[in-house]
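I opened this entry to record what I looked up, step by step. What does the fold hold, and where do its parts meet?

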Amino acid sequence: MQRRHFFKNAAAGAAVLSATPNLTPIVAAPAPTSAAKIKLSVSSYSYWHFKGDRFPIEKVIDDAASLGLEGIDVLHRQMESEDNAYLQKLKRHAFVNGIAMTCLSIHQGFVTPDAAERQKHIDHTLHCMELAADMGIPCMRLNTGRWGTIKSFDDFMAKRGQEPALDGYTEEDAYKWCTESIEKCIPRAEELGVLLALENHWGLGSTPEGMLRIMKAVDSPWLQLLMDTGNFLENPYDKLAMIAPYTCFVQAKTYYGGGEWYSLDLDYKRIADILKKVNYQGYLSLEFEGKEAADSGVRKSVEMLRKALS
């Protein structure tokens, strides 16, 4: 499959390209137009932050429809089942409510010297691609994983997402493990038509340079990038601009009521401008991560994002 040319007028993309000459951005339109439209979605994670009873995906679909959204991003761990009957029920419920199921967000990690453990995560990724295909979901979130030398996620967040490598190993080892593991998933992704979207989700994905290094090494149109607006904790806008030309899906963090782990004061008009400069026309999926009640937090977030995108 032939890859498309670089968007010549994107300054941030040009800077990245000079450092990584074989990378080709997704967006190929000559310039943004008034017809370009970013589609607003919501993540099911917005309603369930891994605490208490899981919020039903069907109710997320209902809420998205009532808010006039165009899609939902499904958190795999929030699904009540993997039975085919459940998968098809979700697909039907989304369709009759005019909601696209846009992305399946899963958890896996390839940063381990244990080959058998890496294979478990490869197998999990392949399995989840099958689930996505069965539900008609065209995109799946991919993580690099992290060292795990800080066991508690709360402690990890207190360290701003930074942790030391395992004794005896380096980041070069981690990049090799991650790249080789993703390469094993690419043929099945192409067969199923499920685009893998590597997120800036800690570990090797904590920097745009790390994300682009992995994408360049894998070198497949079936691996692109997922932009999480809240996961670059320092100087986010320059970093978001670096990955924007290669982004196929966006998750937009908001923190009404204070964040579960931290809060960022994000300028969504500025982020929208970054996306529009590369003519991004895909989904922007709200990830409400605040402590306020989900119904009001999501509603406020949608109103804010609509204003920023207008």
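My notes follow, from the overall fold to single residues.

**Overall**

I am working with a predicted model. I counted ten helices and eight strands in the protein. Of its 310 residues, 53% count as buried. I then checked the contacts between residues at least 6 apart in sequence: 76% of them join residues at least 24 apart.

**The core**

Which residues touch the most other members of the largest nonpolar core? I found Ile-72, Leu-104 and Ile-182, in a core of 92 residues. Helix 6 gives the most to this core, with eight residues. As a general point, nonpolar side chains in soluble globular proteins tend to be buried together.

I listed the contacts of Leu-104, leaving aside neighbours within four places in sequence. Among them are Asp-73, Val-74, His-76 and Met-79. Further along the sequence, the list includes Cys-128, Leu-131, Ala-132 and Met-135. Ile-137, Cys-139, Met-140 and Arg-141 are also in contact with Leu-104.

**Helix 6**

I went to helix 6 next. It runs over residues 171–192, which makes 22 residues. From first C-alpha to last it reaches 31 Å, close to the 32 Å expected at 1.5 Å a residue. I also looked for a bend. Helix 6 bends by about 30 degrees at Ile-186, and Pro-187 follows within four residues. Just after the helix, Gly-193 takes a positive phi of about 75 degrees.

Its buried residues include Trp-177, Ile-182, Cys-185 and Ile-186. Ile-182 came up above as one of the core residues that touch the most other members. What do the buried residues of helix 6 pack against? I noted helix 4 (115–135), helix 7 (208–218), strand 4 (139–142), strand 5 (195–199) and strand 6 (223–228).

Helix 4 gave me one contact to follow. Thr-125 is found in helix 4. It is buried, because its relative accessible area is 0%, under the 20% cut-off. Leaving aside neighbours within four places, Thr-125 is in contact with Cys-185, a buried residue of helix 6. Its other contacts are Ile-106, Gln-108, Phe-110, Met-140 and Leu-142.

**Helix 9**

Helix 9 covers residues 268–277, and its buried residues are Tyr-268, Ile-271, Ala-272, Ile-274 and Leu-275. Seen down the axis, they fall within an arc of 155 degrees, so they line one face of the helix. The general geometry: an α-helix has 3.6 residues a turn, so residues three or four places apart point the same way.

I checked what covers this face. The cover of the buried residues includes strand 6, helix 8, strand 7 (247–254), strand 8 (283–288) and helix 10 (294–309). At the N-terminal end, Asp-267 is the cap: a side-chain oxygen lies 3.2 Å from the backbone nitrogen of Lys-269. After the helix comes Asn-279, with a positive phi near 60 degrees.

**Thr-229**

Tyr-268 led me to Thr-229. The two side chains make a polar contact at 2.6 Å. Thr-229 is found in the loop between strand 6 and helix 8. Is it buried or exposed? Thr-229 is buried, because a relative accessible area of 0% is under the 20% limit. Its side chain also reaches the backbone nitrogen of Lys-253, at 3.0 Å. Not counting residues up to four places away, Thr-229 touches Leu-240, Val-250, Gln-251, Ala-252 and Leu-266, among others. Ile-271 of helix 9 is on that contact list too.

**Positive phi, and Pro-236**

I looked at two more positive phi values. Most residues other than glycine have a negative phi. Asp-219 has a positive phi of about 55 degrees. It is found in the loop between helix 7 and strand 6. At 44% relative accessible area, Asp-219 is partly exposed.

Asn-235 has a positive phi near 45 degrees. It is found in the loop between strand 6 and helix 8. It counts as exposed, because 59% relative accessibility is over 50%.

Pro-236 is found in helix 8, residues 236–243. I got a relative accessible area of 13% for it, so Pro-236 is buried. Last lookup: Pro-236 and Leu-264 are 28 residues apart in sequence, and 9.8 Å apart in space, C-alpha to C-alpha.

Conventions. Residues are numbered from 1 along each chain as its sequence is written. This is a predicted model: local features need pLDDT of at least 70, side-chain atom pairs count only at pLDDT 80 or more; totals for chains, interfaces and linings use all residues. Side-chain values use heavy atoms; hydrogens and water are left out. Helices (H or I, at least four residues) and strands (E, at least two) are DSSP runs, numbered from the N terminus. Buried means under 20% relative accessible area, exposed over 50%, partly exposed in between (1.4 Å probe, protein chains only). The expected span of a helix is 1.5 Å times one less than its number of residues. The bend at a residue is the angle between axes fitted to the seven residues ending there and the seven starting there. Contact means heavy atoms within 4.5 Å. The arc is that of the directions from the helix axis to the C-beta atoms. A polar contact is a pair of N or O atoms within 3.5 Å; within protein, one must be able to donate a hydrogen and the other to accept it, and residues adjacent in sequence count only if both atoms are side-chain atoms. A nonpolar core is a set of buried Ala, Val, Leu, Ile, Met, Phe, Trp, Tyr and Cys residues joined through side-chain atoms within 4.5 Å.
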